[in-house]
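Trainee: Could you take me slowly through one part of this structure, a place where helices pack against each other? I'd like to see how it ties in with what surrounds it.

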Amino acid sequence: MPALIEDGRAKVNLTLRVVGRRVDGYHDLESVVAFADCADHLSLTPGSGLNLKTTGPLARDCGEPVDNLVFKAAQLLGERVPDLRFGDFTLDKVLPVAAGIGGGSADAAAALRLLARANGLAIDDARLIEAAQLTGADVPVCLASRACVMTGVGETLQPLSLPKMPCVMVNPRVPVSTRDVFEALGLRNGELLVGATDVIQAAAWPENGASIGDWIETLAAVSNDLEAPAMRIQPVIGEVLSALGAAGGARLARMSGSGATCFAIFEDGAEALRASQKIQQDHPMWWVHVGALS
């Protein structure tokens, strides 16, 4: 069988509300998630073994292959599907790691999709979904790679219809630990950050066919609760947000996930391109991507 190929698209949290911390220590979230047009690329040559090779500009940031989420996802699926056919994975790594855009989760989800194709499994196979959930909280949403509202610890997904929104994404090339950011948020087990009134008054997301302007107006009313604690850990995130917010035509600038990647949404693609060029010129060491969210 020839090599199979899947993209692991970057996940962007347009909003992120922390509802509270459960008694088991996990955090309940509500997040509007979109996907960008930048991605890692994963290929699988089906075979009897399980191997992973990393290539690409950020391959050295991936660590040991056996610690990669691609391995973890494959092993978890193998525990649930008898005689699962594995093979040789090659990961072309272009997305920054520990960056709040789910790069590792997107790679794991791509691995599960590849294994599903190689073994004739449906994408909604319960064993595939379970392996995704056990691999990591962001893997289920990356498995579908569709805009949605994600709630709970990432297991509940409600599809959304987003227009293609021009964007600029920037990462200052500093890793941020999700665990450290949640610790800096400081919630105790069983503590709620969102009350009953907040739930009742939760945002109603625009319907199918809504304009970029409608979406920006709605998204602006909801924040990312992890932005402030992440900035305490890595103050450079504030510099990134300032650079994006000052860009001509930027309508909304915000951090994604637990950081440090931030994004700005534009209504005009040409303005987004000009903004990305200026930021790249002013900050040549930063990772900058101009494209679209959908």
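**Helices side by side**

Mentor: Happy to! Let's start with α1 and α2, which pack with their axes 8 Å apart and at an angle of about 40°; please keep in mind that this is a predicted model. Two packed helices are described by the angle between their axes and the distance between the axes. The pair α1 and α2 is therefore called oblique, and the crossing is right-handed.

Now find the residues that do the touching. From α1 come L69, V70, A73, A74 and L77, and they meet G104, S105, D107, A108, A111, L112 and L115 of α2. If you sort the residues of this contact by character, nine are nonpolar, two are polar and one is charged.

Which residues does D107 touch, once those up to four places away in sequence are set aside? The residues are D40, L42, V70, L91 and K93. D107 sits in helix α2, and its relative accessibility is 2%, so it counts as buried. The cut-off for that label is 20%: a residue under this value is buried. V70 is also worth marking on your screen, as one of the α1 residues that meet α2.

Next, look at α3, another helix that α2 packs against. The axes of α2 and α3 come within 10 Å and cross at roughly 160°. These two helices are therefore roughly antiparallel to each other, because an angle over 145 degrees earns that description. Here, too, the crossing is right-handed. On the α2 side the contact is made by A108, L112 and A116, and on the α3 side by L128, A131, A132 and T135. Six residues of this contact are nonpolar and one is polar, with no charged residue. A108 and L112 are worth a second glance: they take part in the contact with α1, and they take part in the contact with α3 as well.

Let's zoom out to what these helices help to build. In soluble globular proteins, nonpolar side chains tend to be buried together. In this model, the largest nonpolar core has 39 residues, and those with the most contacts inside it are L42, L77, F89, L112 and L115. At least two residues of this core come from each of these elements: β3 (27-47), β4 (50-55), α1 (69-80), β5 (86-92), α2 (103-119), α3 (126-135), α4 (139-144) and β6 (148-152). The helix we began with, α2, gives the largest share, ten residues.

L77 of α1 is a good residue to follow from here. Leaving out neighbours within four places in sequence, L77 is in contact with L84, L112, L115, L121, R127, L128 and A131. Among these, L112 and L115 are α2 residues in the contact with α1, while L128 and A131 are α3 residues in the contact with α2. Click on L77 and you can trace all three helices from one side chain.

There is also a second, separate core of 29 residues, which includes L14, M169, W205 and I212.

Is everything on α3 tucked away, or is some of it open? Take I129, which lies in helix α3. I129 has 31% relative accessibility and therefore counts as partly exposed. Setting aside residues up to four places away in sequence, I129 touches I123, D124 and L143. A109 is 20 residues away from I129 along the chain, and the C-alpha atoms of the two are separated by 9.9 Å.

One last stop is S145, in the loop between α4 and β6. S145 is not a glycine, yet it has a positive phi of about 50°. With 13% relative accessibility, S145 counts as buried. For a contrast, turn to R173, in the loop between β8 and α5 (178-185). R173 is not a glycine either, and it has a positive phi of about 65°. At 47% relative accessibility, though, R173 counts as partly exposed.

To retrace the route, start at α2, follow its oblique packing with α1, then its roughly antiparallel packing with α3, and finish with the ten residues that α2 gives to the largest core.

Key: Residues numbered from 1 in each chain as written. Predicted model: local features only at pLDDT ≥ 70, side-chain atom pairs only at ≥ 80, totals over all residues. Heavy atoms only, no water. Core = buried A, V, L, I, M, F, W, Y, C linked by side-chain atoms within 4.5 Å. Buried < 20%, exposed > 50% of the residue type's maximum accessible area, 1.4 Å probe, protein only. Helix = DSSP H or I, 4+ residues; strand = E, 2+ residues; numbered from the N terminus. Contact = heavy atoms within 4.5 Å. Axes fitted to C-alpha atoms, helices over the stretch in contact; angles between N-to-C directions. Parallel < 35°, antiparallel > 145°, perpendicular 65-115°, else oblique. Left-handed = near helix turned anticlockwise from the far one by under 90°. Nonpolar A, V, L, I, M, F, W, Y, C, P; charged D, E, K, R; others polar.
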